Amino acid sequence: MSTVRLVSYEEADAAVRVVYDDIRATRGSDFINNFWLALAADPALLKSTWEEVKAVMTAPGPLDPLTREMIYIAVSAANGCTYCAHSHTASAKAKGMTDAQYGDLLKVIALAGKTNHLANALQVPVDAAFEKSGA
């Protein structure tokens, strides 16, 4: 259950409707996710968050849109955000992610989580070669 009231398009003020309209136009869909409906409780936060999401997730760049979505899935899993894991998995599938790619992604997420926990628990010092290479 949301901690704020979800603001539908019909009850939204003009500033919120502008953002909703841009979300729809950018995504080529009439669907507005509950995330945006919740953020509309604070129109300034809605606008700034959408502008940032649009700039990072839709602007041309060296990472293709599917790769960006897959990274978002991994970070969402690491942060324990069920909503974002579902949302970005759906988006990745819409961008062509196959079941095989999703399975492989889950293997990488699971392995990274395991080895991160082990390295943290063991307090393994970072290799000098890694520090010097900038990697």
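Which residues are buried in helix 1? In the predicted model examined here, the buried positions of this helix include V16, V19, Y20 and I23. Seen down the helix axis, the buried residues fall within an arc of 100 degrees, and they therefore line one face of helix 1. This arrangement can be set beside the general geometry of the α-helix, in which 3.6 residues make up a turn, so that residues three or four places apart point the same way. On the other side of helix 1, by contrast, A14, V18 and A25 are exposed. The cover over the buried residues of helix 1 includes helix 2, spanning residues 34–39, and helix 3, spanning residues 43–57.

The length of helix 1 was also examined. With 14 residues, from 14 to 27, and a rise of 1.5 Å a residue, helix 1 should span 20 Å, and because its end C-alpha atoms are 20 Å apart, the expected span and the model agree. At the start of the helix, a side-chain oxygen of D13 comes to within 3.1 Å of the backbone nitrogen of A15, whereas after its end the chain continues with G28, for which phi is positive, near 65 degrees.

Aromatic side chains were considered next. A search of the whole structure yields four aromatic pairs. In one of them, F35 and W36 have ring centres 4.9 Å apart and planes at 75 degrees; since planes over 60 degrees apart count as edge-to-face, the pair is assigned to that class. The two partners differ in burial, F35 being partly exposed with a relative accessible area of 34%, while W36 is buried with a relative accessible area of 3%. Ring pairs further join F35 and W36 with W50 and Y83 in a cluster.

Charged side chains are also found over aromatic rings. R24 lies over the face of Y9, at 4.6 Å from the ring centre, and the charged end of K93 is placed over the ring of Y102, 5.5 Å from the centre of that ring.

A further position examined was H88, which belongs to helix 5, comprising residues 82–94. The relative accessible area of H88 is 12%, and because the limit for a buried residue is under 20%, H88 is classed as buried. When residues up to four places away in sequence are not counted, H88 touches M57, E69, Y72 and I73.

Conventions
Residues are numbered from 1 along each chain as its sequence is written. This is a predicted model: local features need pLDDT of at least 70, side-chain atom pairs count only at pLDDT 80 or more; totals for chains, interfaces and linings use all residues. Side-chain values use heavy atoms; hydrogens and water are left out. Helices (H or I, at least four residues) and strands (E, at least two) are DSSP runs, numbered from the N terminus. The expected span of a helix is 1.5 Å times one less than its number of residues. Buried means under 20% relative accessible area, exposed over 50%, partly exposed in between (1.4 Å probe, protein chains only). The arc is that of the directions from the helix axis to the C-beta atoms. Contact means heavy atoms within 4.5 Å. A polar contact is a pair of N or O atoms within 3.5 Å; within protein, one must be able to donate a hydrogen and the other to accept it, and residues adjacent in sequence count only if both atoms are side-chain atoms. Rings of Phe, Tyr and Trp (its six-membered ring) pair if their centres lie within 6.5 Å; planes under 30 degrees apart count as stacked, over 60 as edge-to-face and the rest as tilted. A charge sits over a ring if NZ of Lys or CZ of Arg is within 6 Å of the ring centre and within 35 degrees of the ring normal.
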